[in-house]
Amino acid sequence: MATAGTKNSLSIRDNRTGREYEVPILDGDVINAIDLRQIKVNEDDFGMMSYDPAFSNTASTRSAITYIDGDKGILRYRGYPIEQLAERASHLEVAYLILKGELPTKSQLDSFVEDVTFHTYVHENITEQVKGFRYDAHAMGMVISMVASLSTFYPDAKEVDDAKNRWQQIVRLVAKMPTLAAYTYRHHRGLPLVYPENELSYTANFLSMLFKIGTKEHKPSPVLERALDILFILHADHEQNCSTTAMRVIGSSRSDPYSALAGAMAALYGPLHGGANEAVLRMLTRIGSVSNIPKFIEGVKRKEERLMGFGHRIYKAYDPRASIIKRTADEVFEVTGRNPLLDIALELERIALSEDYFIERNLYPNVDFYSGIIYQSMGFPVEMFPVLFAIPRAAGWLAHWEEMITDKEQRIARPLQVFTGPAVRDFVPISDRR
Ligand code: CMC
């Protein structure tokens, strides 16, 4: 305990007892929550804890991966601004940076790309599993199931304390995510599965597995290939969000990374998180035309509707990813033609940025507001949108998993609760219950 009067400490006075406590301040504005436990009314008391539903003000880890300043609209991976990475790096280069902490040298990148390329194939039994899904199965549900299945193909992945083994599984997962995603699309369309082609880039290979017809080589437009790479970079990590927390929490019990990543994907699936890009598209389609917007906005203000793709727990100025995506959208539309939903999106954004309801609540477009329109223009069905989020986010989840496993301060995640149920009562036989 810090002594009273030390600058880097917090003095707490418990007015129930009149006792005073000194709690050290660590890392800027942080106190160790367990230091509150000493604050007791009497010796039998459990001790003080903090109540924080949805973890609005609780750091559950130290992390060196991604830095966000939500007030200033700053996002950096390992110190590098997202704007520079989106302009100058490739997705696999960024994945390496996120996973290893440093930008790769040329030879490190070549060998990472080669490793990832080598692991893009999945066991043939997984292809059988794809065929077992209904024709209209949601792509995200299918990929979640297949990622979980991979744990049965790689039982060695349970050796989570072996660094070499962990890296092997990380490479496998980064490599196989596009293959699994593409298989769901082909299944949905009733098309034969296309195997990975090792001479193509990560994104070109993905587009080929999706859209190749017959034996003819699928050559994506370089603009679309790069646009997808940029979208992947923007989605690669976002520190301790819902799905990353799920990955860390599941991984903290030492379960294998495939099972943990399937759980992270399940968390991402929801419409308030990675399912938002799909929800935006459905919302824009439902609004249908610019003339219907005022009615929709009235519904939002009455809280009967939610403006999907707006708002963020952390960004309260603007989401820097949204500005980059908007630029990328213009480039994509030059190739694909303008998406008719864009007019509705632009008008929604204009209204939302000028009306008090949205200004007062700091509601700005987030990463998902325009990404869905781009994906749709590139030929992806809406069910694929959350999967397109999950493919690049695999790098982020795995980096956090690695960081958590090697962090000596981490143990199995186990939050507390404030019990609000009934006090002890005696069992009532069924004949006496009312
Ligand atoms: N449309 C209308 N009102 C909203 C919205 C929205 N999209 N988001 C928040 N609000 C209102 C909310 O009703 C509340 O109003 P009041 O103070 O009158 O009760 C206020 O703003 C604060 O909202 P909150 O729900 O407490 O904010 P949160 O930090 O818990 O939620 C959020 C963040 C992203 C879940 C939420 O803004 C939302 O639901 N947005 C739409 C879904 C979405 O686009 N999600 C993608 C997030 S970015 C991708 C990712 O990282 O997953």
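**Exercise 1. Find out what share of the protein's residues is buried, and look at its overall build.**

*Solution.* Step 1: Buried residues make up 48% of the 434 residues in this protein, which is a predicted model.

Step 2: Turn to the secondary structure. The chain folds into 17 helices and six strands.

Step 3: Check the overall dimensions. Along the principal axes, the C-alpha atoms fill a box of roughly 80 × 65 × 55 Å. A compact globule with 434 residues would have a radius of gyration near 22 Å, and the protein's 24 Å agrees with this.

Step 4: Ask how the chain is tied together. Take the contacts with a separation of 6 or more: 70% of them join residues 24 or more positions apart.

Step 5: Finish with the surface. The protein exposes about 22100 Å², and carbon and sulfur atoms supply 53% of that area.

**Exercise 2. Decide whether H119 and F232 are buried or exposed, and list their contacts.**

*Solution.* Step 1: Locate H119. This residue sits in the loop between α3 (106–118) and α4 (124–131).

Step 2: Apply the cut-off. A residue counts as buried when its relative accessible area is under 20%. H119 has 16%, so it is buried.

Step 3: Look for partners of H119, leaving aside neighbours within four places in sequence. They are Q168, V171, R172, A175 and K176.

Step 4: Now locate F232, which belongs to helix α8 (residues 222–235). Its relative accessible area is 0%, so F232 is buried too.

Step 5: List the contacts of F232, again without neighbours within four places in sequence. You should find H91, Y202, T203, F206, L388, I391 and P392.

Step 6: Try one distance along the way. F232 and E217 are 15 residues apart along the chain, and 23 Å separates their C-alpha atoms.

**Exercise 3. Describe how the protein surrounds its ligand.**

*Solution.* Step 1: Count the shell. The ligand is surrounded by 21 residues, and the closest are H273, K303, R306, L307 and R313.

Step 2: Sort the shell by character. There are 10 nonpolar, six polar and five charged residues.

Step 3: Pick out polar contacts, using the cut-off of 3.5 Å between N or O atoms. A polar side-chain atom of H273 is 2.5 Å from an oxygen atom of the ligand. For R313, a polar side-chain atom lies 2.8 Å from a ligand oxygen. G309 takes part through its backbone: an N or O atom there lies 2.8 Å from an oxygen atom of the ligand.

Step 4: Work out the cover. On its own the ligand has 930 Å² of accessible area, and the protein covers 75% of it.

Methods
Residues numbered from 1 in each chain as written. Heavy atoms only, no water. Near = heavy atom within 4 Å. Polar contact = N/O pair within 3.5 Å; in protein donor to acceptor, adjacent residues only side chain to side chain. Areas by Shrake-Rupley, 256 points an atom, 1.4 Å probe, with all protein chains shown as cover. Nonpolar A, V, L, I, M, F, W, Y, C, P; charged D, E, K, R; others polar. Helix = DSSP H or I, 4+ residues; strand = E, 2+ residues; numbered from the N terminus. Rg over C-alpha atoms; globule rule 2.2 N^0.38 Å. Buried < 20%, exposed > 50% of the residue type's maximum accessible area, 1.4 Å probe, protein only. Contact = heavy atoms within 4.5 Å.
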